[in-house]
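Reader: Please take a close look at one part of this model, the interface between its chains. I would like one connected account rather than a list.

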Amino acid sequence: MHRLFLIARIEIQVFLVALTLIVGFQLLTRKMNTEGLLFEKKPDGPAGFSPARLQMLLVTLAGAFYLISGVTANINQSRLEFPDLDNRLFLLLCGSHFVYLGGKLNSFFKLFGKSDTTANSPKGDKQ
Amino acid sequence: MNFFFGLQGAAPAVNPQWTTLALVIGWILTIFVGLLAGWILFLIVTGKINLSGLISEPTGQASLSRFQFLVFTFVIALSLFLIIVGGDRPAFPEKIPGGILALLGISGGSYVVAKGIAASTADSDTPQGT
(Lines give C-alpha, C1' and ligand atoms only; values in the text may rest on other atoms or scores of the structure.)
Protein backbone atom coordinates (compact mmCIF):
# COMPACT_ATOMS: atom_id res chain seq x y z
CA MET A 1 0.00 0.00 0.00
CA HIS A 2 2.89 2.33 0.79
CA ARG A 3 4.36 1.69 -2.63
CA LEU A 4 1.00 2.52 -4.19
CA PHE A 5 0.88 5.90 -2.39
CA LEU A 6 4.45 6.59 -3.47
CA ILE A 7 3.76 5.82 -7.13
CA ALA A 8 0.55 7.87 -7.12
CA ARG A 9 2.41 10.78 -5.53
CA ILE A 10 5.22 10.60 -8.08
CA GLU A 11 2.76 10.40 -10.96
CA ILE A 12 0.90 13.54 -9.95
CA GLN A 13 4.10 15.39 -9.09
CA VAL A 14 5.58 14.58 -12.50
CA PHE A 15 2.36 15.64 -14.21
CA LEU A 16 2.18 18.98 -12.39
CA VAL A 17 5.87 19.76 -12.90
CA ALA A 18 5.66 18.85 -16.59
CA LEU A 19 2.52 20.96 -17.01
CA THR A 20 4.18 23.93 -15.29
CA LEU A 21 7.26 23.59 -17.51
CA ILE A 22 5.19 23.30 -20.68
CA VAL A 23 3.07 26.35 -19.83
CA GLY A 24 6.18 28.33 -18.83
CA PHE A 25 7.99 27.30 -22.01
CA GLN A 26 5.05 28.27 -24.19
CA LEU A 27 4.77 31.63 -22.44
CA LEU A 28 8.46 32.39 -22.89
CA THR A 29 8.58 31.26 -26.55
CA ARG A 30 5.32 33.13 -27.29
CA LYS A 31 3.55 29.99 -28.45
CA MET A 32 0.96 31.08 -25.92
CA ASN A 33 -0.39 34.42 -27.01
CA THR A 34 0.97 37.23 -24.83
CA GLU A 35 0.38 40.01 -27.33
CA GLY A 36 -0.73 43.18 -25.60
CA LEU A 37 -0.31 41.74 -22.10
CA LEU A 38 1.40 44.88 -20.79
CA PHE A 39 -0.33 47.37 -23.04
CA GLU A 40 -3.31 49.53 -22.22
CA LYS A 41 -6.47 48.46 -23.91
CA LYS A 42 -8.91 51.01 -25.19
CA PRO A 43 -12.24 50.52 -26.94
CA ASP A 44 -10.56 51.15 -30.29
CA GLY A 45 -7.67 48.75 -29.65
CA PRO A 46 -4.44 48.45 -27.66
CA ALA A 47 -2.60 51.64 -26.77
CA GLY A 48 0.79 52.25 -25.19
CA PHE A 49 2.76 50.46 -22.51
CA SER A 50 0.99 50.40 -19.14
CA PRO A 51 3.06 50.70 -15.94
CA ALA A 52 -0.04 49.70 -13.95
CA ARG A 53 -0.08 46.33 -15.72
CA LEU A 54 3.66 45.85 -15.21
CA GLN A 55 3.39 46.47 -11.47
CA MET A 56 0.50 44.03 -11.19
CA LEU A 57 2.44 41.38 -13.08
CA LEU A 58 5.44 41.82 -10.78
CA VAL A 59 3.33 41.81 -7.61
CA THR A 60 1.47 38.70 -8.81
CA LEU A 61 4.70 36.81 -9.48
CA ALA A 62 6.17 37.97 -6.15
CA GLY A 63 3.06 36.90 -4.25
CA ALA A 64 2.98 33.50 -5.96
CA PHE A 65 6.65 32.94 -5.20
CA TYR A 66 6.13 33.98 -1.55
CA LEU A 67 3.30 31.47 -1.17
CA ILE A 68 5.17 28.61 -2.81
CA SER A 69 8.30 29.27 -0.76
CA GLY A 70 6.23 29.35 2.45
CA VAL A 71 4.58 26.02 1.61
CA THR A 72 7.92 24.46 0.67
CA ALA A 73 9.52 25.67 3.91
CA ASN A 74 6.64 24.19 5.94
CA ILE A 75 6.91 20.84 4.16
CA ASN A 76 10.68 20.75 4.76
CA GLN A 77 9.95 21.27 8.48
CA SER A 78 7.39 18.42 8.31
CA ARG A 79 4.54 20.86 8.93
CA LEU A 80 1.90 19.85 6.44
CA GLU A 81 -0.12 23.04 6.46
CA PHE A 82 -0.46 26.28 4.57
CA PRO A 83 1.79 29.09 5.82
CA ASP A 84 0.35 32.03 7.71
CA LEU A 85 0.48 34.82 5.18
CA ASP A 86 1.63 38.28 6.19
CA ASN A 87 -1.17 40.87 6.14
CA ARG A 88 1.12 43.16 4.21
CA LEU A 89 0.87 40.77 1.26
CA PHE A 90 -2.89 41.34 1.10
CA LEU A 91 -2.45 45.10 1.35
CA LEU A 92 0.09 44.95 -1.46
CA LEU A 93 -2.14 42.79 -3.64
CA CYS A 94 -5.23 44.90 -3.01
CA GLY A 95 -3.32 48.07 -3.78
CA SER A 96 -1.85 46.56 -6.92
CA HIS A 97 -5.21 45.35 -8.21
CA PHE A 98 -6.80 48.70 -7.31
CA VAL A 99 -4.19 50.54 -9.39
CA TYR A 100 -4.65 48.08 -12.29
CA LEU A 101 -8.44 48.27 -12.29
CA GLY A 102 -8.34 52.04 -11.86
CA GLY A 103 -6.08 52.31 -14.89
CA LYS A 104 -8.38 50.00 -16.84
CA LEU A 105 -11.42 52.11 -15.93
CA ASN A 106 -9.60 55.28 -16.88
CA SER A 107 -8.45 53.95 -20.25
CA PHE A 108 -11.99 52.92 -21.15
CA PHE A 109 -14.05 55.67 -19.56
CA LYS A 110 -11.53 58.52 -19.29
CA LEU A 111 -12.47 59.16 -15.65
CA PHE A 112 -9.34 61.15 -14.84
CA GLY A 113 -8.61 62.77 -18.19
CA LYS A 114 -10.24 64.75 -20.99
CA SER A 115 -13.38 63.21 -22.35
CA ASP A 116 -13.15 61.89 -25.87
CA THR A 117 -15.42 64.38 -27.64
CA THR A 118 -15.26 62.52 -30.94
CA ALA A 119 -16.85 59.46 -29.33
CA ASN A 120 -19.65 61.64 -28.00
CA SER A 121 -20.18 63.54 -31.22
CA PRO A 122 -23.68 63.42 -32.70
CA LYS A 123 -22.47 61.18 -35.49
CA GLY A 124 -20.57 58.95 -33.02
CA ASP A 125 -17.38 59.21 -35.07
CA LYS A 126 -14.39 57.35 -33.71
CA GLN A 127 -10.78 58.42 -34.09
CA MET B 1 -21.19 -6.70 11.90
CA ASN B 2 -18.82 -9.16 13.56
CA PHE B 3 -17.86 -10.22 10.05
CA PHE B 4 -16.23 -6.83 9.62
CA PHE B 5 -15.32 -5.75 13.11
CA GLY B 6 -14.48 -8.97 14.91
CA LEU B 7 -15.28 -9.48 18.59
CA GLN B 8 -16.72 -6.64 20.63
CA GLY B 9 -14.08 -4.84 22.64
CA ALA B 10 -11.23 -6.08 20.41
CA ALA B 11 -9.48 -4.11 17.68
CA PRO B 12 -11.48 -4.24 14.45
CA ALA B 13 -10.23 -7.04 12.20
CA VAL B 14 -10.32 -6.16 8.52
CA ASN B 15 -11.18 -8.99 6.20
CA PRO B 16 -8.03 -9.63 4.07
CA GLN B 17 -10.20 -10.00 0.98
CA TRP B 18 -11.38 -6.42 1.29
CA THR B 19 -7.81 -5.24 1.70
CA THR B 20 -6.79 -7.09 -1.46
CA LEU B 21 -9.76 -5.62 -3.32
CA ALA B 22 -8.84 -2.11 -2.17
CA LEU B 23 -5.26 -2.69 -3.29
CA VAL B 24 -6.30 -3.94 -6.73
CA ILE B 25 -8.68 -1.00 -7.24
CA GLY B 26 -5.95 1.36 -6.05
CA TRP B 27 -3.47 -0.01 -8.58
CA ILE B 28 -6.00 0.14 -11.41
CA LEU B 29 -6.84 3.75 -10.59
CA THR B 30 -3.18 4.70 -10.24
CA ILE B 31 -2.27 3.17 -13.59
CA PHE B 32 -5.31 4.77 -15.22
CA VAL B 33 -4.51 8.23 -13.81
CA GLY B 34 -0.88 7.86 -14.88
CA LEU B 35 -1.83 6.94 -18.44
CA LEU B 36 -4.37 9.73 -18.58
CA ALA B 37 -1.84 12.29 -17.34
CA GLY B 38 0.70 11.09 -19.91
CA TRP B 39 -1.87 11.22 -22.68
CA ILE B 40 -2.87 14.79 -21.75
CA LEU B 41 0.79 15.90 -21.71
CA PHE B 42 1.32 14.25 -25.10
CA LEU B 43 -1.68 16.05 -26.58
CA ILE B 44 -0.45 19.39 -25.20
CA VAL B 45 3.09 18.89 -26.55
CA THR B 46 1.88 17.84 -30.01
CA GLY B 47 -0.53 20.78 -30.14
CA LYS B 48 -3.73 18.75 -30.21
CA ILE B 49 -4.68 20.56 -26.98
CA ASN B 50 -4.05 24.14 -27.97
CA LEU B 51 -3.01 26.41 -25.11
CA SER B 52 -2.15 29.40 -27.29
CA GLY B 53 -5.35 31.20 -26.31
CA LEU B 54 -5.27 30.25 -22.63
CA ILE B 55 -4.91 33.83 -21.41
CA SER B 56 -6.40 35.56 -24.46
CA GLU B 57 -9.59 37.50 -24.67
CA PRO B 58 -12.06 36.88 -27.53
CA THR B 59 -10.50 39.90 -29.23
CA GLY B 60 -7.21 37.99 -29.49
CA GLN B 61 -5.30 40.17 -27.02
CA ALA B 62 -3.68 38.62 -23.96
CA SER B 63 -5.43 39.43 -20.69
CA LEU B 64 -3.43 40.21 -17.56
CA SER B 65 -6.42 39.56 -15.30
CA ARG B 66 -6.71 36.04 -16.73
CA PHE B 67 -2.97 35.53 -16.32
CA GLN B 68 -2.94 36.52 -12.65
CA PHE B 69 -6.02 34.36 -12.00
CA LEU B 70 -4.25 31.45 -13.68
CA VAL B 71 -1.09 31.98 -11.64
CA PHE B 72 -2.80 32.16 -8.25
CA THR B 73 -5.20 29.29 -8.96
CA PHE B 74 -2.36 27.07 -10.13
CA VAL B 75 -0.08 28.01 -7.24
CA ILE B 76 -2.74 27.39 -4.59
CA ALA B 77 -3.80 24.09 -6.18
CA LEU B 78 -0.17 22.99 -6.40
CA SER B 79 0.43 23.97 -2.77
CA LEU B 80 -2.64 22.02 -1.67
CA PHE B 81 -1.43 18.96 -3.54
CA LEU B 82 2.07 19.20 -2.04
CA ILE B 83 0.56 19.38 1.45
CA ILE B 84 -1.78 16.45 0.81
CA VAL B 85 0.96 14.13 -0.43
CA GLY B 86 3.72 15.50 1.80
CA GLY B 87 3.14 13.02 4.61
CA ASP B 88 3.55 9.25 4.80
CA ARG B 89 -0.12 8.86 4.02
CA PRO B 90 -2.13 11.33 1.91
CA ALA B 91 -4.28 13.52 4.12
CA PHE B 92 -6.23 16.72 3.63
CA PRO B 93 -4.83 19.60 5.74
CA GLU B 94 -6.60 20.16 9.04
CA LYS B 95 -7.41 23.72 8.18
CA ILE B 96 -7.11 26.04 5.22
CA PRO B 97 -6.24 29.53 6.50
CA GLY B 98 -8.53 32.37 5.65
CA GLY B 99 -5.57 34.09 4.01
CA ILE B 100 -5.48 31.51 1.24
CA LEU B 101 -9.19 31.97 0.60
CA ALA B 102 -8.71 35.74 0.64
CA LEU B 103 -5.94 35.37 -1.91
CA LEU B 104 -8.23 33.41 -4.22
CA GLY B 105 -10.99 35.93 -3.61
CA ILE B 106 -8.81 38.90 -4.51
CA SER B 107 -7.57 37.19 -7.65
CA GLY B 108 -10.99 36.00 -8.76
CA GLY B 109 -12.71 39.25 -7.85
CA SER B 110 -10.22 41.26 -9.84
CA TYR B 111 -10.77 38.98 -12.85
CA VAL B 112 -14.55 39.36 -12.64
CA VAL B 113 -14.37 43.16 -12.30
CA ALA B 114 -11.98 43.40 -15.26
CA LYS B 115 -14.35 41.28 -17.35
CA GLY B 116 -17.24 43.48 -16.26
CA ILE B 117 -15.42 46.62 -17.35
CA ALA B 118 -14.59 45.10 -20.73
CA ALA B 119 -18.16 43.87 -21.19
CA SER B 120 -19.72 47.21 -20.28
CA THR B 121 -17.53 49.03 -22.79
CA ALA B 122 -18.47 46.49 -25.46
CA ASP B 123 -22.15 47.14 -24.71
CA SER B 124 -21.68 50.90 -24.83
CA ASP B 125 -19.98 50.56 -28.22
CA THR B 126 -23.07 48.91 -29.68
CA PRO B 127 -24.62 51.31 -32.20
CA GLN B 128 -28.01 52.78 -31.33
CA GLY B 129 -31.02 50.94 -32.68
CA THR B 130 -29.27 47.58 -33.02
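Author: What follows describes chain A briefly and then the contact between the chains.

The model is predicted. Chain A holds 3 helices and 2 strands, arranged along the sequence as α-β-β-α-α. It has 127 residues, and 32% of them count as buried. Its exposed surface comes to about 8,000 Å², with carbon and sulfur atoms supplying 65%. Among the contacts in chain A with a separation of 6 or more, 35% join residues 24 or more positions apart.

Now the interface. The size of an interface is often given as the accessible area lost when the parts come together. Between chain B and chain A, the buried area is about 5,400 Å², and carbon and sulfur atoms give 79% of this. Gln61(B), Leu64(B) and Ile83(B) supply 12% of the area that chain B buries against chain A, more than any other three residues. In terms of residues, 58 of chain B are in contact with 56 of chain A.

As for polar interactions, the count of salt bridges between the two chains is 0. There are, however, 7 residue pairs in polar contact across the interface, both residues of each pair being at pLDDT 80 or more.

On the side of chain B that touches chain A, helix 2 (16-46), helix 3 (64-85) and helix 4 (98-124) of chain B each supply at least two residues. Helix 3 of chain B gives the most, with 16 residues. By residue class, this side of chain B divides into 37 nonpolar, 18 polar and 3 charged residues.

Technical notes:
Residues are numbered from 1 along each chain as its sequence is written. Chains are lettered from A and ligands numbered from 1 in the order in which they are written. This is a predicted model: local features need pLDDT of at least 70, side-chain atom pairs count only at pLDDT 80 or more; totals for chains, interfaces and linings use all residues. Side-chain values use heavy atoms; hydrogens and water are left out. Helices (H or I, at least four residues) and strands (E, at least two) are DSSP runs, numbered from the N terminus. Buried means under 20% relative accessible area, exposed over 50%, partly exposed in between (1.4 Å probe, protein chains only). Contact means heavy atoms within 4.5 Å. Accessible areas come from the Shrake-Rupley method with a 1.4 Å probe; for residues, only the protein chains shown count as cover. Buried area is the accessible area (1.4 Å probe) that two parts lose on being put together, summed over both. A salt bridge is a side-chain nitrogen of Lys or Arg within 4 Å of a carboxyl oxygen of Asp or Glu. A polar contact is a pair of N or O atoms within 3.5 Å; within protein, one must be able to donate a hydrogen and the other to accept it, and residues adjacent in sequence count only if both atoms are side-chain atoms. Ala, Val, Leu, Ile, Met, Phe, Trp, Tyr, Cys and Pro count as nonpolar, Asp, Glu, Lys and Arg as charged, and the others, Gly among them, as polar.
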